[in-house]
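Colleague: I am new to reading structures. Could you walk me through one?

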Amino acid sequence: MKVLIVYPNLPMMITPATSVAIFTSILKSKDCTVDIFETTLYSDHENAGMLYKSKLGGGRGYSLSDLGMDLQPTNMIVDDFVDKVSTFNPDLLLFSTVEDTLGDTLLLLDSIAHLSIPHIVGGVLPINDPHFCLSHSQIDTICRFEGELVLSTVIDNFEDNWKDTDGLWYKKDGSIVKNDNQPLVNINDILPDYSLYNPVRFNRPIGGKVRPTIQFETYRGCPYSCTFCNSPTTRYLDKNYLRRKTMSQVKQEIQHYVDNFNPEYLFIIDDSFLARPKKEIIELCNILHEFKLPWWCNTRLENVDKEILAAMEHGYCDRIQFGIECGSEDYRREVLLRNVSNDLYYEKADILNNSSIPYGLNVIIGLPDETREMVFETVDLVRSIQGYDGIGVSIFIPYRGTLLRQYAVDKGYLPSTFTSGSGYLLGGSPLVMPKPYLQRDEINDLSKKFKLYSYFDKMYWDDITEAIDTSYFDDIYENNFYTKYAISGELHKKRRKQSPWACAASDSVDIHNLFALSSI
Ligand code: B12
Ligand code: SF4
């Protein structure tokens, strides 16, 4: 049996997908011939995707030549896909789709509709809004939840009524057949297989360096309930969704990647790495220590302590990303359902700033009911934390299935039909809120200037606010904040001893020129 995995991705979101690797492994174990078509390297702009995000301060700039990748024009996607389908001649198509990639999923399905090849659309979007997915004429069958056991059963029963596999929903005679869910998979049972990807696709820039990187999960799900996030849906669908791999599985998996892909970096995609027993964190870090590879993880600031950070240092943790999201404590607690005080953040930041692990912060701008003052509370929080060396600034996108989207719809800030696409991701906020809440142009402006307000002395804030073109400030930021400190590794030695703006003042930049900007 021939199966084509289709990954309609946002341009230049270069991390190879774990779901693709899991499905490759399952399909090969069932003797299927398997291939992939993905749209990652179709882009008309070098600055697309992560490159674009790097401009907002979410990462350091890098170029295509750093990555060793070639781009194809986006108008070739459909032709290339049609070619691929006609030469490979698959019996089954598997699409993995998030909300921002629905558009391309539909485009690709449309282009081969006349061939009537069976397909399944799975992923975060069908999990969060299955009815919406099936409301599109191009989509016939979706995977309602986890894919492993569904795919395995579909392949086993493909000659029979494969659509009646548990876990699938499909259209029949104008209505939707909803099979029961499958039980949750044992995540220790599968060794993901990334071999369908061209080796160049593993190159990933992290912390200013491009290195061959492998991504993997050590657990699945998240114990928290942040209202802007899609992860809680999985727990609402099955209260046992949160599962952690055994330590022996983690060790075997890393060894497998080392033997087969020779990675120089590990990208741990767990939703919140430290949300697990401390004993296990220490055990995991000891395993990671054995491989002597630098690694990255995402987690929550309130979960760090001295012992944990020491274990992570010992395990060669290279970088941690913390989502602090919003500086207003009340809003964070009551609307985002993040029950943590600013005082606890300061306390944890102190501990963090005494460790040697570099870290970045993620914030969101353009939340429902957010005012300009609230954004500056977030700036203040970031400035107080001090020791970060990168800020990821995201504009709030109200994804289907999240509580905060419903909040925005109920308040009249968003049509209930809104669907995110890459346009919103790159272009700005879809919310329309009355004053004094943030306006769309303010959200765009603040998202670009957030890193500058966080970095420069408050005496420059008026100049930053008035500047239409911030390239002068951006250049200083790039040169001093990123290049000089972060990349040279000096950041931790120097910057943590000072207030963030002291760096700007103490560097030999022509600070007086900044005053001239007030007339722009
Ligand atoms: C790692 C990660 C990234 C990485 C790597 C993405 C990648 N290529 O894998 C990077 C940083 C590049 C990234 C980028 C983005 N991400 Co992201 N990312 C994640 C994260 C943390 C883990 C994804 C993962 O690999 N999980 C493990 C795999 C095994 O799970 P899975 O993909 O869901 O697949 C399972 C099921 O969904 C199902 N399934 C999936 N596909 C299919 C297909 C078939 C046929 C079947 C049968 C089943 C099936 O079976 C799989 C196994 O059980 C998730 C959060 C999360 N916990 O899911 C967010 C998440 C997927 N990302 C999200 C977003 C918003 C983005 C970006 C748009 C961010 C941005 N602003 O630029 C881009 C979009 C790019 C893209 N195409 O995904 C949102 C999606 C929201 C939405 N509704 O669309 C999530 C859910 C975060 C969140 N908590 O809200 N992301
Ligand atoms: S901690 Fe992270 S992954 Fe978990 S619910 Fe909150 S934002 Fe989502």
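Modeller: Happy to; we will look at two ligands and then a surface patch. This is a predicted model, where local features need pLDDT of at least 70, side-chain atom pairs count only at pLDDT 80 or more, and totals for chains, interfaces and linings use all residues. Residues are numbered from 1 along each chain, ligands are numbered from 1 in the order written, and side-chain values use heavy atoms, without hydrogens and water.

Colleague: Which residues come nearest to ligand 1?

Modeller: A residue is near a molecule if one of its heavy atoms lies within 4 Å of it. Of the 37 residues around ligand 1, the nearest are Asn9, Ser96, Glu99, Glu148 and Asn230.

Colleague: What lies 2.7 Å from a nitrogen atom of ligand 1?

Modeller: A polar side-chain atom of Asn9 does, and an N or O atom in the side chain of Asn230 is also 2.7 Å from a nitrogen atom of ligand 1. For Glu148, a side-chain N or O atom is 2.7 Å from an oxygen atom of ligand 1.

Colleague: And which residues surround ligand 2?

Modeller: Its shell includes Cys222, Tyr224, Cys226, Asp271, Arg300 and Arg338.

Colleague: Which residues make the nonpolar surface patch?

Modeller: Patch residues have over 30% relative accessible area and no salt bridge (a side-chain nitrogen of Lys or Arg within 4 Å of a carboxyl oxygen of Asp or Glu); nonpolar side chains (Val, Leu, Ile, Met, Phe, Trp, Tyr) are joined within 5 Å. Here Tyr236, Leu337 and Leu403 make a patch of about 310 Å², with areas from the Shrake-Rupley method with a 1.4 Å probe, counting only the protein chains shown as cover for residues.

Methods:
Patches are made of residues with over 30% relative accessible area and no salt bridge: like charges are joined within 9 Å, nonpolar side chains (Val, Leu, Ile, Met, Phe, Trp, Tyr) within 5 Å. A polar contact is a pair of N or O atoms within 3.5 Å; within protein, one must be able to donate a hydrogen and the other to accept it, and residues adjacent in sequence count only if both atoms are side-chain atoms.
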